[in-house]
Amino acid sequence: MSNTLDLVKLTVADAAKMLDSKQISATELTQESLRCIKAREPEINAFISVTEEIALTRSKHVDADRATGKALSALAGIPYSLKDVYNVVGTKTTAGSKILESYTSVYDATVERKLQEAQGVLIGKTNCDSFGFGSTGEHSAFGPTKNPINTTLVPGGSSSGSGAAVAYGGGLYSIGEDTGGSIRCPAAFCNIVGLKPTYGRVSRYGAIAYASSYDSIGPMTKSVQDAAIVLQHIAGKDPYDATTGESAVPEYTAYLENSLHGKKIGLPKEYFVDGLDPLVRQKIMQAVEVYTSLGAEIIEISLPNTEHAIAAYYIVGISEASSNLGRMDGIRFGTEVEGKNWSEKIKNARGIGFNDEAKRRIMVGTYALSAGYADQFYKKAQQVRKLLKKEFLSAFSLVDIILTPTMPVLPPKIGEDVNDPLKLWLMDAFTVSVNPVGVPALSVPVDKNDVSAPVGMQLIAPHFKEEVLFNFGHLYEKEVYAS
Amino acid sequence: MNYELVIGLEIHIQAKTKSKMFCRCDAKYFSAAPNTHVCPVCLGLPGALPVPNKKAIEQCIRLSLALGCEINKFSKFDRKNYFYPDLPKAYQISQFDLPFGYKGKVRIESQDGEKEIAITRVHMEEDTGKSIHSGNKTLLDFNKSGVPLLEVVTEPDFREVKDVVFFAKRLKQIVTYLGVSDADMEKGQMRFELNMSLRKIGETQLPKYKVEVKNIGSISVLEKVIAYETERQQGILEKGETPVQETRGLRDLSGITHSQRAKEEANDYRYFPEPDIPPIVFSEEEVTLLRATLGELPQEKKNRYQKDYGFDSALAEKIIATKQKAEWFEQSIVGVQEPQVIANLAKWYVGDFMALLKASKTRLSQAKVTPEMLRELVQRLHEGKITAPSAKQILAEMLVSGKSPDALITELGLEAVSDEGAILDVVKQVLAANPKVLEDMKKNPNAYKFLIGQAMKQLGGKANPQQVDALLVKELGVTEGAESIQ
């Protein structure tokens, strides 16, 4: 085995080559990753559970299969983690919540089933803001996750553990879940790549729902190419999810090297406003320069309803969330709490099992759906959503891709904003529009080697055009990191 | 009574599908061990998603069409949010503002002629689980959770109990004819919810109150509940008070209702479009194709029987009681031209044949007599080859042995005697043996009947009575005899 294995840098594509050429075995790669997790976890807290037994069993099978000369997938033998919202038979699935802290899954999520078919090696399930409610990774019942590139900073949320684990080498990629930025935010803060695919591109079956019409499942990786490889394996129509799209899954890696010459990039002026951190702005403009040098044309565009997006996003999102969380009653699953009758029992279970943020969202969501208020809130928000869709579609008639900062700020310090819910909600301003519209968005580090100021740029493409994101993202990386 | 009924119905019908509404679990849960027909979806486990059952939706559209409804070709499912132990997701997937069917009508036959009952809507939803209370414990069985339910809602158009009963029976017939449900009330496949109030005769506005009685499991209990509520509400009204607007429940099958918590005003189901299921879109062509699968519905059949065969309402109603009964009958008249034979077949079918089936507790599908065999029997009767008493005897034998009428006529020696010489011999013998009766005949016309009876007896019932009569008349030399025995 190679002594120079640098798990912080090792990509899926490179590991696959090493495995293929037998420079390393899947078991060795897995053991090495497990060792890394053991070393970093006391400080970072990226994992809720480490599935060592599953990982070692699966990697052994891969090695045995490889020994027979059988053709294996690009993900075979590669350790990965799942945000702890994905059901995997026999593992704890908590969604970072207290109410599900003891819940053991009895079925596999489709994304997990697909990765199993690709012979991926599940190494653990990652920490997250409880039920996906949070942008900092501090709202988990299992304690906050720290940012491995600077442990005084938050890693971003809600797929906080996934971002941190990938950044420190605890598994080569992770499957996050993005409802309003939950993949892209930690990707930006941890200096890794995060893809929120088109709504309907990846099956949601088996993923604990936050907001059903927004929830998107995607890879968090160390390179754009890796994101393309992973999406290839998890995308597609699923008979268990009626919202998955029929459109065929293209061969993503075939698009990586397409020339950007003459391609048009739109910069929405509403995303370059006063609230934007000057350093973030400066770095994003540097990235724009790179694209200009690659032959792309930069066009200022307008997405005028951006200011309404965050309100509309939250109203619809938490309305759905308030309904989705209704099933958490501690009766059929989850932590059972005493009570003198059924209604007292579930009140107690929910009172103890949900954190303040969940309670806040359940209350506001319930209110927004209530008779007499639904017209004013829920229905109004759905109208704004239609407008947002329209304006994105018309923007895409002018440009091939939209480029924005992923986050308006650099990662806050741990504890800094934890008690300011409104500020935290506003932190998502640049990521939330994408989910109600349903388009795919990719967060790519502007400079993954700059640990002092992690900034992600967000690339947004039309529905089911992930290959365009990969193309733009990959050529950027190639240009910036060319040695 | 100075009051008239104002009644609307909501009817829940379990659709007959192989799998449940939103998952692949076997929908036939009846008498299965608790919690054996369940999966992550119908248990509402975290992360599970509903995928709508296309067959069930098609059944809902077929029922809507059969009830004369318009179809929402762009429709959707909605979440109805409420907490209840047997509702695992804390919401029921139902339909709110875009039901598959709306604005329909059903014709019913009332005492004072035909009436129309307006159908407000027909929508699709999922059934809940079942709470079983035992002592101070509640046990939950989720086998029923997610079974497809069709909900039919009528306008408050009923004024008579009889109309409610007629409608309920007709609706059951319609769903079974369509094959959308077995509507077996003993298995809870068809349940009623009654919305009822009273108003003074002559008033036309809807009363200010409405009493809702849920979970009525049979038409007979429905009748009892209406009777009980009529008396109860009338009592209150006569005191000059208004009955409380509330939901009332049943404790047994007596029809006596009890006040349940008057929670209705407070109940806010927070309906919103089910985000896990994309809108359901049907094209005009698809609806047309579904319409083509409806087949002839009970009322259409009845009308046709009355028009084409001249059946009276009661006879037609008996034949159309079930689709199977009607089809059996229609099979029996295949190729028959003579209206008299069709009429006789109908009479023999709903009369002697049904009575014999009932007496021997035999199901129509298991009867050894086929429609073709009944046709043969009635034709032989029509041809005069057998007499009516013989036909009865043969029919009974057919049901036991499954042998054909012709075989049994021979085997039992029941072929009618039509040889005039043979009958005349018997007539002569009878006259010779009864001189006193001939004497009596002048005063008592019944004496003539006695002679016919004697002759028939000697002929073993196998002669045509008309023929015997004719010969007797001829022999007696009286011409008015035939008329006197009519």
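In this predicted model, one salt bridge reaches across from chain A to chain B: the side chains of A:Arg204 and B:Asp276 come together with 3.0 Å from N to O. That pair has no company of its kind here, since the count between chain B and chain A is one salt bridge. Polar contacts add to the picture, with 16 residue pairs between chain B and chain A, both partners at pLDDT 80 or more. On the chain B side of the contact, β4 (78–81) and β15 each supply at least two residues. Sorted by class, the chain B residues that touch chain A come out as 22 nonpolar, three polar and six charged.

Now for the contact as a whole. Chain A puts in 34 residues and chain B puts in 31 residues. Between them, the two chains bury about 2,700 Å², and 61% of that area sits on carbon and sulfur atoms. Within chain B, the residues that lose the most area to chain A are B:Pro46, B:Leu49 and B:Arg270, which together make up 22% of what that side buries.

Both chains also show up around the second largest pocket, which holds about 1,200 Å³ of space. Its lining counts 40 residues, and those closest to the centre are A:Tyr378, A:Gln382, A:Arg385, B:Lys76 and B:Pro273. Three elements each give at least two residues to this lining: α12 (375–395) and α14 (434–437) from chain A, plus β15 (272–273) from chain B. The top contributor is α12(A), with eight residues. As for the make-up of the lining of the second largest pocket, 20 residues are nonpolar, 12 are charged and eight are polar.

Back to salt bridges, this time across the whole structure: a search over all chains turns up 52 of them. One example within chain B pairs B:Arg248 with B:Glu229, whose closest N and O atoms are 3.2 Å apart. B:Arg248 belongs to strand β13 (residues 246–250) and B:Glu229 to helix α3 (residues 219–238) of chain B, so this salt bridge ties together parts that are 19 residues apart in sequence.

Finally, the backbone of chain A has a couple of spots to look at. A:Gly157 and A:Ser158 are joined by a cis peptide bond, with omega at about 5°. A:Ser158 can be found in the loop that runs between β3 (121–126) and α5 (160–168) of chain A. The other spot is A:Asn191, a residue other than glycine whose phi is positive, near 60°. A:Asn191 is in a loop too, the one between α6 (184–189) and β5 (193–196) of chain A.

Note on methods:
Residues numbered from 1 in each chain as written. Chains lettered and ligands numbered in written order. Predicted model: local features only at pLDDT ≥ 70, side-chain atom pairs only at ≥ 80, totals over all residues. Heavy atoms only, no water. 1 Å grid on protein atoms, 1.4 Å probe; cavity = no way out; pocket = protein on both sides within 12 Å on 5 of 7 lines; lining within 4 Å. Points joined across faces, edges and corners; volume = space filled by probe spheres on them. Helix = DSSP H or I, 4+ residues; strand = E, 2+ residues; numbered from the N terminus. Nonpolar A, V, L, I, M, F, W, Y, C, P; charged D, E, K, R; others polar. Contact = heavy atoms within 4.5 Å. Buried area = accessible area lost by both parts, 1.4 Å probe. Salt bridge = Lys/Arg side-chain N within 4 Å of Asp/Glu carboxyl O. Polar contact = N/O pair within 3.5 Å; in protein donor to acceptor, adjacent residues only side chain to side chain.
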